[in-house]
Amino acid sequence: MFFTRFDSPLGEILLTADEQGLTRLCLAADDQPDPEDAKRNDAALADAREQLMGYFAGRRQHFSLSLAPGGSEFQREVWAALLRIPYGQTRTYGELARRLGRDGAARAIGTANGANPLPLLIPCHRVVAADGLGGYSGGPQLKRKLLALEGSLA
């Protein structure tokens, strides 16, 4: 397991990875300790850093990185659906539930969304409530910033 830290327009980002791919992305990680079970390796995660910085600069709409978020089968199903939400678009929790053939599971979709260990890379910020913004692990201000960056903030 290895990690890197770098400054971004959203504050410090902490990325962790293993041989399979990226395992965690922490936004505003200034107060997060280094992972105890990992060694720092900035070079190994340089491509991820560059892709994220390209996203923040508005030059990148898609990521081409190996992701290894772990999670339950249901969480991985939801996260795969998040990856299919195009840049600049949003879906409601209910829409996502229907697209997954799980009518009435909007709350479970929200819970899986909130457990996403790779925000931005697995774009959970693109899921909104039917009556407003909805939750986000980084808080509502950050969610608004990301949606505005992508041009999807109503």
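A residue counts as buried when its relative accessible area is under 20%. With that cut-off in hand, Leu-120 is a good place to enter this predicted model: its relative accessible area is 1%, so Leu-120 is buried. This leucine sits in the loop between helix 4 and strand 6 (127–128). Its phi is near 80°, a positive value in a residue other than glycine. Leu-120 returns below, as a member of the largest nonpolar core.

The overall layout comes next. The domain assignment divides the protein chain into domain 1 (2–57) and domain 2 (73–150). The C-alpha centres of domain 1 and domain 2 are 21 Å apart, and ten residues from domain 1 meet 13 residues from domain 2 in the contact. A UniProt annotation from an unreviewed entry, "domain: Methylguanine DNA methyltransferase ribonuclease-like", covers residues 2–68. In the model, that span is 34% strand and 16% helix, and its end C-alpha atoms lie 13 Å apart.

The sheet can be followed strand by strand. Four strands make up an open sheet with mixed pairing, in the order 3-2-1-4. Strand 3 (21–26) and strand 4 (39–40) are the edge strands, each pairing on one side only. Packed on this sheet is helix 1 (residues 46–56), which touches strand 1, strand 2 (11–18) and strand 3. The direction of helix 1 makes about 25° with that of strand 1.

Strand 1 (residues 2–8) pairs with strand 4 in the parallel sense, over two bridges. Here Phe-2 stands opposite Lys-39, and Phe-3 has Arg-40 as its bridge partner. Strand 1 and strand 2, by contrast, run antiparallel and are joined by seven bridges. These two strands form a hairpin with two residues between them, and within the pairing Phe-6 stands opposite Ile-13. Strand 1 is mostly covered, with five of its seven residues buried.

Attention now turns to the interior. The largest nonpolar core has 36 residues, and those touching the most other members are Leu-15, Leu-22, Leu-25, Leu-27, Leu-52, Leu-82 and Leu-120. Two or more residues come from each of strand 2, strand 3, helix 1, helix 2 (73–83), helix 3 (93–99), helix 4 (106–114) and helix 5 (140–149). Both domains take part, as the core draws at least three residues from each of domain 1 and domain 2. Apart from this core lies another, of five residues, including Phe-3, Leu-14, Ala-29 and Ala-38.

Leu-27 gives a closer view of the largest core. Leaving aside residues up to four places away in sequence, Leu-27 touches Leu-10, Glu-12, Ile-13, Pro-119, Leu-120, Tyr-136 and Leu-142. Beside it in the sequence, Ala-28 lies in the loop between strand 3 and strand 4. Is Ala-28 buried, partly exposed or exposed? Its relative accessibility is 43%, so Ala-28 counts as partly exposed. Phi of Ala-28 is near 50°, again a positive value in a residue other than glycine.

The loop between helix 4 and strand 6 also holds Cys-124, where UniProt, in an unreviewed entry, places the feature "active site". Is this cysteine buried or exposed? Cys-124 counts as buried because its relative accessibility is 4%. Its contacts, not counting residues up to four places away in sequence, are Leu-82, Asn-113, Asn-116, Pro-119 and Tyr-136.

His-125 is found in the loop between helix 4 and strand 6 as well. Its relative accessible area is 0%, so His-125 is buried. Not counting residues up to four places away in sequence, His-125 touches Tyr-55, Leu-120, Tyr-136, Lys-143, Leu-146, Leu-147 and Glu-150. Tyr-136 is thus a contact of Leu-27, of Cys-124 and of His-125. Leu-120, the starting point of this passage, is touched by Leu-27 and by His-125.

Technical notes. Residues numbered from 1 in each chain as written. Predicted model: local features only at pLDDT ≥ 70, side-chain atom pairs only at ≥ 80, totals over all residues. Heavy atoms only, no water. Pairing = 2+ DSSP bridges. Contact = heavy atoms within 4.5 Å. Axes fitted to C-alpha atoms, helices over the stretch in contact; angles between N-to-C directions. Core = buried A, V, L, I, M, F, W, Y, C linked by side-chain atoms within 4.5 Å. Buried < 20%, exposed > 50% of the residue type's maximum accessible area, 1.4 Å probe, protein only. Domains from an automatic or database assignment. UniProt positions renumbered as here; feature names shortened; annotations may be inferred.
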